[in-house]
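Me: I should like to learn how to read the features of a structural model. Could we proceed by worked cases?

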Amino acid sequence: MTAATEPGADRVVEAPPALRLIGIRAAYERVEVLHDVELSVRAGQVFALLGPNGAGKSTTLRVVSGRMRPTAGRVLVAGNDVTGTSPEKLARQGVCSVPEGRGVFPNLTVAENLRMWTYRGGLRRSDVEEVTYARFPRLADRRRQLAGTLSGGEQQMLAMSRALSTKPTLLLLDEISMGLAPLIVAELYELVASIAAEGFAILVVEQFAHTALQVADRAAVMTQGRIDMEGTPAEIGPAVGDLYLGSIRAEGSTTE
Amino acid sequence: MSQFLALTVAGIATYGCVYALTAMGLVVTYTTSGIFNFAQGAIGMIGAFLYWELSQVHGWPSWAAFTVVVLFVMPLLGAGLERILLRRLEHAGLEAQLTVTIALLLLGIAVATAIWNPSTARTVPPFFAGHQVSIGGVVLTWHQLIIVGASAAAAVVLRLFFYRTRPGIATRAVVDDRELTALTGAAPARYAELGWAMGCSLSAVAGILIASQINLDINNLTLLVVNGYAAAMVGRLRSLPLTFVGAIVLGLLQSYGVGYLPISVLWSDLEQVIPMLFLLVVILVLPQSRASLARRVRVRAPRVVGRRESLVRGTAFIGIAVVLAFTLNAASFSYANRGIALAIIMLSLTLLTGYGGQVSLCQLSFAGLGAFAMSKVGGTGGSLLGILAAVGLSAAVGAVVALPALRLRGLYLALATLAFAQGMDAAFFNNIDVFGVSLSLSVARPHLPLVSVTSDRRYFAFLCIVFTAIAIGLLALRRSRFGRRMLAITDSPSACLTLGVDMTRSKLAIFTLSAAIAGLGGALYGGAQSAVSPNDFPFILSLTLLLLAVAWGIRTTTGMLVGGVVFSLGSLLDAHLTHPRDAFALLVGVAAIGVSQNPEGPFGGRTVMRMWRDRAGRAGSPPSTSAEVPPGERLTSAAG
């Protein structure tokens, strides 16, 4: 992991980044909520997108996962322009998006949820089950149970099992710590780190910066639909609090 | 005992299993697309007629005809309908969704009537005619065995499909979380299409199987399968096993009812009444809290016309009406008067459905009650007491019907009012104790104290004035504190609860007032054609009324005026065309497409007047805001 943190800057030329956003603008009705967002996540990298409520983090994820069409700009996944591609097509191409607070189907059993993961393409049911149950034996015990009756932590594990078993080129995680006990959050982020170690690119959106910055290789802070600051966790960490409180300081730091 | 056994067999094998097939189809379409398919019966009817056409006219072997209809034509039809009409309605209001399937129902009947002349008798021979088995002294035909077998097989296959196959699991996943389904790589739209394909196929099986047991008749088949609604409600439109049980119970009840109950005058048509009573009981008894559907509805309430504008427009309309009253040729008044009277009845929908958010499918039943009261109390002189009685009677019945409305919501209320309307058809309107042996009542035009309005021309002006007065009154009501409360209740019942809004009283008031308007309209409608018969108020016309109301914009009073006149002109066109119902079919089809593309109707966003003004004053006057800000975007802004 530390290996991935440091050489980040000099690996740029090797291959196209797993995700690149160029000049993304997006609007709900007539209200523009993303103003010219630029972002780039390389394979094997954990990128933490931080920011207060309503900053546009989740909207950015909606654009990347194809659930929302940007009004301007381009989305590149592994160098291919995928702007405007439907979410299901993107998912089959390897963009795995775990939406906030509901990464599982509550009225399907655990086993049925796992079967849904096979829509990623080229996956067999047994592969998914094998990978998942080996990593989370607790889910194996509950395979006939409805996912909605699992505990919050178990549901999040089930959701993460999709990332684990479908080998995505790009993993998008939206507020996975939402409503979970700190111990479980720590466990989840360990999992995130280990998935990244396998070479996948991960874009993590979090309101609570501290946990995300511990596993991130790179981070950016977003307020009011703009990226205010981007850098290593060490650079971002101290500035986060001030950026959250007001963007005055942020503008100062970006224009430096 | 042997009668009991025979009735049991008939209840299960003839009715119950057919209901089960169609009800399961209903559940499948509803769960996959979120749209309740009123046209389920009509689609089954079309399937049965196609089967008849292929097997009896073109001489195909019955298995081939069956396969082609059930496995190819109907699934394609279902998928096509979903893709063309219904997909856009995912977030539309309930009344728009219902209206489009209601339009399909009417369109199905109209198309079938145009192709297959209803006066020709047609029969579909049962499968393996002549073969039968005797089990414990009860004779079962092979056809009945096939019905039982087909419904059981359908139940098992559906169960396996939904729980054992990946597309089936994905279909349930769409119901659970549409967005997440897309994110896993399964295309949600495909599963709604699949659901509609399966639903149409199932109803065709039901239609074909029942067609040989009863006559191959368009209305019979369409309405028989309506009974599937009741069974589907037992499973709360979700559970397939419960739906199956409900269907069998309903079949048995119907069979025993017909076999054992004495044929009374009041319940002359038991076969129709039992399923409706069953539906009412099921809807009223089933717990509602869990049946309520939290669905995101994107409704843009149209701009509310201000007081001055509504007065100006109203006066202008009356002026035009007076001119028309003197200039139209005498023959047109029979249509014009009916049209305006219908428009008055439709205003009751603007209040109840447009503002109050409750969908009623029984407004013409109230209108019928109004006409009945006017006839009985108003007498030949058209005493104003008759008008009072019409308003009073329909308001009173409306209040009684509203009682379940206080706890029912959305679709369930609509189905309860449908049951009421169908019950009224069978027990009241077609009852010789009510409408006399001739099934016709003469209705006089009201006798006003100062000026006579009984001539056609004056009656036309009178109707226009009444319409305008009610329309202006409704708009004033909509702008009032009560109007804001109505919209708040529609918008978020739970928020209203926390604010301490008395929803019970408000809903009761809306329903009662709406019924009163319909009753008044009915009395005047009766006067317009000077007599009414049960054919004026069948429940199916209540559906048409709602369709036209929604198509022309149920939240606008102008829309109701146009809708009423169009309704009336539809019958004028029919009278001049060779194929009696072609014009009607065209009308309905256009309306359906209109609603699916623009659920708010043509007068919803911008009124006609506003459009003229915009066009005329594009240069000088203040720029049109309607292009920039959608009128009355949020309900709160309309209220403020």
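The dialogue below treats a hairpin, a helix, two residues and a surface patch in turn.

Reply: Please note at the outset that this model is predicted. We may begin with the strands of chain A.

Me: In which sense do strand S1 and strand S2 of chain A pair, and over how many bridges?

Reply: In general, side chains of a regular strand alternate between the two faces of the sheet. Here, S1(A), residues 19-28, and S2(A), residues 31-41, pair in the antiparallel sense over 7 bridges. One bridge partner can be named: Ala26(A) is matched with Leu34(A) in S2(A). The hairpin has 2 residues between the strands, and Glu29(A) takes a positive phi near 55° there.

Me: How many residues of helix H4 of chain A are buried?

Reply: The general idea is that a residue is called buried when its relative accessible area is under 20%. In H4(A), residues 110-117, 8 of the 8 residues are buried, so the helix is largely enclosed by the rest of the structure. Among them are charged-type names such as Glu112(A) and Arg115(A), along with Leu114(A) and Trp117(A).

Me: What covers the buried residues of H4(A)?

Reply: The cover includes helices H5 (125-135), H6 (137-141) and H7 (152-166) of chain A. It also includes helices H5 (142-164), H6 (166-176) and H7 (178-184) of chain B.

Me: Is Leu158(B) buried or exposed, and which residues does Leu158(B) touch?

Reply: Leu158(B), in helix H5 of chain B, counts as buried because its relative accessible area is 6%. Beyond four places in sequence, Leu158(B) touches Met24(B), Val28(B), Met198(B), Leu202(B) and Leu240(B). Val28(B) and Leu158(B) are 130 residues apart in sequence, yet their C-alpha atoms are 9.0 Å apart in space.

Me: What does the side chain of Thr417(B) reach?

Reply: Thr417(B) belongs to helix H16 of chain B, residues 410-429, and is buried at 1% relative accessibility. Its side chain reaches the backbone nitrogen of Leu361(B) at 2.9 Å. Residues touched by Thr417(B), leaving out those up to four places away in sequence, include Val359(B), Ser360(B), Cys362(B) and Phe511(B).

Me: Which residues form the nonpolar patch on the surface?

Reply: The patch consists of Phe128(B), Ile135(B), Trp142(B) and Leu145(B), with about 380 Å² of accessible area together. Ile135(B) lies in strand S1 of chain B, residues 132-135. With a relative accessible area of 51%, Ile135(B) is exposed, because the cut-off for that term is over 50%.

Definitions and conventions. Residues are numbered from 1 along each chain as its sequence is written. Chains are lettered from A and ligands numbered from 1 in the order in which they are written. This is a predicted model: local features need pLDDT of at least 70, side-chain atom pairs count only at pLDDT 80 or more; totals for chains, interfaces and linings use all residues. Side-chain values use heavy atoms; hydrogens and water are left out. Patches are made of residues with over 30% relative accessible area and no salt bridge: like charges are joined within 9 Å, nonpolar side chains (Val, Leu, Ile, Met, Phe, Trp, Tyr) within 5 Å. Accessible areas come from the Shrake-Rupley method with a 1.4 Å probe; for residues, only the protein chains shown count as cover. A salt bridge is a side-chain nitrogen of Lys or Arg within 4 Å of a carboxyl oxygen of Asp or Glu. Helices (H or I, at least four residues) and strands (E, at least two) are DSSP runs, numbered from the N terminus. Buried means under 20% relative accessible area, exposed over 50%, partly exposed in between (1.4 Å probe, protein chains only). A polar contact is a pair of N or O atoms within 3.5 Å; within protein, one must be able to donate a hydrogen and the other to accept it, and residues adjacent in sequence count only if both atoms are side-chain atoms. Contact means heavy atoms within 4.5 Å. Two strands pair if DSSP finds at least two bridges between them.
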